[in-house]
Amino acid sequence: MHNSLPSRMNLDRRGVTIPSTLCPLCLLEEETTNYLLFMCSKSYSIWQECYEWLGDITILPHTVELHFSQHWEVAGNRKSGLITMILG
């Protein structure tokens, strides 16, 4: 991944004036792409609810690369994998 999502840390690094680099969901850590998508307790609970809704149990990876790699593997192993369900 190219780390190009406009997280607060990426915006700050690009010279965009922002009030804080802290995650706006929890205000506990700096908002990087990985933190926002996988490590923040608020986003983590959303992922867990999605997996429960799908009837899956999983351990969430802590990087974007590992997350997509895991989902491609799931889609390749099951017709009802998450990628297949999302992309139809």
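**Trp-47 and the aromatic residues**

I began with Trp-47, which I find partly exposed, at a relative accessible area of 23%; I note here that the model I am reading is predicted. I then turned to Phe-38, which is buried, with a relative accessible area of 1%. I asked how many aromatic pairs the structure has, and the count comes to two. For Phe-38 and Trp-47 I looked up the ring geometry: the centres are 6.1 Å apart and the planes stand at 20°, so I record the pair as stacked. The cut-off behind that word is a plane angle under 30 degrees. I also wrote down that Phe-38 and Trp-47 belong to one aromatic cluster, together with Tyr-51.

Trp-47 came up again when I looked at Leu-37, a residue of helix 2. The C-alpha atoms of Leu-37 and Trp-47 are 8.9 Å apart in space, while the two residues are ten apart in sequence. Leu-37 counts as partly exposed, at 27% relative accessibility.

**The chain as a whole**

I next stepped back to the secondary structure and found five helices and zero strands, so that, as helices and strands are assigned here, the order from the N terminus reads α-α-α-α-α. Of the 88 residues in the chain, buried ones make up 27%. The accessible surface comes to about 6,300 Å², and I noted that 62% of that area belongs to carbon and sulfur atoms. Among contacts with a separation of 6 or more, 22% are between residues 24 or more positions apart.

**Leu-5, before helix 1**

I looked for such long separations at the start of the chain and stopped at Leu-5, which is found in the segment before helix 1. The C-alpha atoms of Leu-5 and Thr-32 are separated by 9.0 Å, with their positions 27 residues apart along the chain. Leaving out residues up to four places away in sequence, I find Leu-5 touching Asn-10, Arg-14, Thr-33 and Leu-37. Leu-5 itself counts as partly exposed, at 45% relative accessibility.

**Glu-31 and the loop between helix 1 and helix 2**

I then followed the chain into the loop between helix 1 (8-13) and helix 2 (33-39), where Glu-31 lies. Which side chain of opposite charge is nearest to Glu-31? I found that it is Arg-8, at 4.2 Å, and that Glu-31 has no salt bridge although it is buried. The distance matters to my reading because a salt bridge calls for a side-chain nitrogen of Lys or Arg within 4 Å of a carboxyl oxygen of Asp or Glu. I listed the contacts of Glu-31 beyond its neighbours within four places in sequence, and they are Ser-7, Arg-8, Met-9, Thr-21, Leu-22, Cys-23, Pro-24 and Leu-36.

In the loop between helix 1 and helix 2 I also checked Leu-27, whose phi is near 60°, a positive value in a residue other than glycine. Is Leu-27 buried or exposed? At 55% relative accessibility, I have to enter Leu-27 as exposed.

**Asn-34 in helix 2**

Moving on into helix 2, I looked up Asn-34, which counts as partly exposed at 25% relative accessibility. Asn-34 and Glu-65 are 31 residues apart along the chain, and I read 9.4 Å between their C-alpha atoms.

**Cysteines**

I closed with the cysteines, asking how many disulfides the structure holds. I found zero. For Cys-40 I looked up the closest cysteine sulfur, which is in Cys-23 at 3.8 Å and therefore too far for a bond, given that a disulfide needs the two sulfur atoms within 2.5 Å. Cys-40 is buried, at 0% relative accessibility, whereas Cys-50 is partly exposed, with a relative accessible area of 37%. I add that Cys-23 had already appeared in these notes, as one of the residues in contact with Glu-31.

Note on methods: Residues numbered from 1 in each chain as written. Predicted model: local features only at pLDDT ≥ 70, side-chain atom pairs only at ≥ 80, totals over all residues. Heavy atoms only, no water. Phe/Tyr/Trp six-rings, centres within 6.5 Å; stacked < 30°, edge-to-face > 60°. Buried < 20%, exposed > 50% of the residue type's maximum accessible area, 1.4 Å probe, protein only. Helix = DSSP H or I, 4+ residues; strand = E, 2+ residues; numbered from the N terminus. Lys, Arg positive; Asp, Glu negative; His and termini not counted. Contact = heavy atoms within 4.5 Å. Areas by Shrake-Rupley, 256 points an atom, 1.4 Å probe, with all protein chains shown as cover.
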